[in-house]
Amino acid sequence: MSTINTRCPSCNGLNRLPAERITESPNCGRCKAPLLDGQPIEGTSDNFSALLNSKQPVVVDFWATWCNPCVGFAPVFQQTAEELKGQVRFIKIDTEQQQQLAAQFQIRSIPTIMIFKNGQRVDVINGALPKGQFDQWLEQAIAK
């Protein structure tokens, strides 16, 4: 049985999950908050492939702490994750910490937002968007 480690978006506690439970709604062992829903999840090379295999569409934000547009876009991404709880999974990948994933997905500029369905990329956009435009793009991309 393979497992992944993921940080709780609420308390930042490290949780180990069986990979088979990714499609369920697991809660944090420490604070009992949902681990994979309603908040962006920290994506790593250890957990990313398991997180992509979701029944829900997966939205991934490739970003970096030094990137001002990325930092400015973070509240939009966070708010949208809360609004689409239970419908869409949101993942943030720090390209400085996860250089292997950045290279794998050929990230050349940040922020880069990708949408996956059934593990397959269906759309990508580069650059930060205002909330209204992001919602519009997301709705169209998920409908593909």
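**Sheet, pocket and loops in a predicted model**

In this predicted model, G86 is partly exposed, because its relative accessible area of 42% falls between the 20% limit for buried residues and the 50% limit for exposed ones. The residue sits in the loop that runs from α2 (68-83) to β5 (89-94). Apart from neighbours within four places in sequence, G86 is in contact with D37 and Q56. S25 offers another reference point for this glycine: 61 residues separate G86 and S25 in sequence, while their C-alpha atoms lie 9.1 Å apart in space.

The strand that follows this loop belongs to a sheet, and the sheet is a helpful place to continue the tour. Five strands make up an open sheet of mixed pairing, in the order β3-β5-β4-β6-β7. Its edge strands are β3 (41-42) and β7 (120-126), each of which pairs on one side only. At the β3 edge, the pairing with β5 is parallel and rests on two bridges. Within this pair, I41 stands opposite I91 of β5. Helix α2 packs on the sheet, where it touches β4 (58-63), β5 and β6 (112-117). The direction of α2 makes about 160° with that of β5. Helix α4, made of residues 131-143, also packs on the sheet, touching β4, β5, β6 and β7. In this case the direction of the helix makes about 30° with that of β6.

At the other edge of the sheet, β6 and β7 pair in the antiparallel sense over six bridges, and I113 stands opposite I125 in β7. These two strands form a hairpin with two residues between them. One residue of the turn, N118, has a positive phi of about 50° although it is not a glycine. N118, in the loop between β6 and β7, counts as exposed because its relative accessibility is 63%, and the cut-off for that class is over 50%.

A second hairpin is built from β1 and β2. Strand β1, residues 3-7, pairs with β2 (14-18) in the antiparallel sense, and five bridges join the two. T3 stands opposite P18 in β2. The hairpin has six residues between its strands, and N12 takes a positive phi near 70° there.

Another positive phi is found at K32, in the loop between β2 and β3. K32 is not a glycine, yet its phi is about 70°. With a relative accessibility of 56%, K32 counts as exposed. The backbone holds a further feature just before β6, in the loop that links α3 (99-104) to that strand: the peptide bond joining I110 and P111 is cis, with omega at about -5°.

Turning to the surface, the largest pocket encloses about 200 Å³ of space. Its lining has 13 residues, and those closest to the pocket centre are I41, E42, W63, K92 and D94. I41 is thus both a pocket residue and the partner that stands opposite I91 in the sheet. Three elements, β3, α2 and β5, each supply at least two residues of the lining. The largest share, three residues, comes from α2, the helix that also packs on the sheet. Sorted by class, the lining has five nonpolar, five polar and three charged residues.

Beyond β3, the chain enters a loop that leads to α1 (48-52), and T44 has its place in this loop. T44 is buried, because its relative accessible area is 14%, under the 20% limit for that class. Leaving aside neighbours within four places in sequence, T44 is in contact with Q98 and L101. The loop residues described here thus include buried T44, partly exposed G86, and exposed K32 and N118.

Definitions and conventions:
Residues numbered from 1 in each chain as written. Predicted model: local features only at pLDDT ≥ 70, side-chain atom pairs only at ≥ 80, totals over all residues. Heavy atoms only, no water. Helix = DSSP H or I, 4+ residues; strand = E, 2+ residues; numbered from the N terminus. Buried < 20%, exposed > 50% of the residue type's maximum accessible area, 1.4 Å probe, protein only. Contact = heavy atoms within 4.5 Å. Pairing = 2+ DSSP bridges. Axes fitted to C-alpha atoms, helices over the stretch in contact; angles between N-to-C directions. 1 Å grid on protein atoms, 1.4 Å probe; cavity = no way out; pocket = protein on both sides within 12 Å on 5 of 7 lines; lining within 4 Å. Points joined across faces, edges and corners; volume = space filled by probe spheres on them. Nonpolar A, V, L, I, M, F, W, Y, C, P; charged D, E, K, R; others polar.
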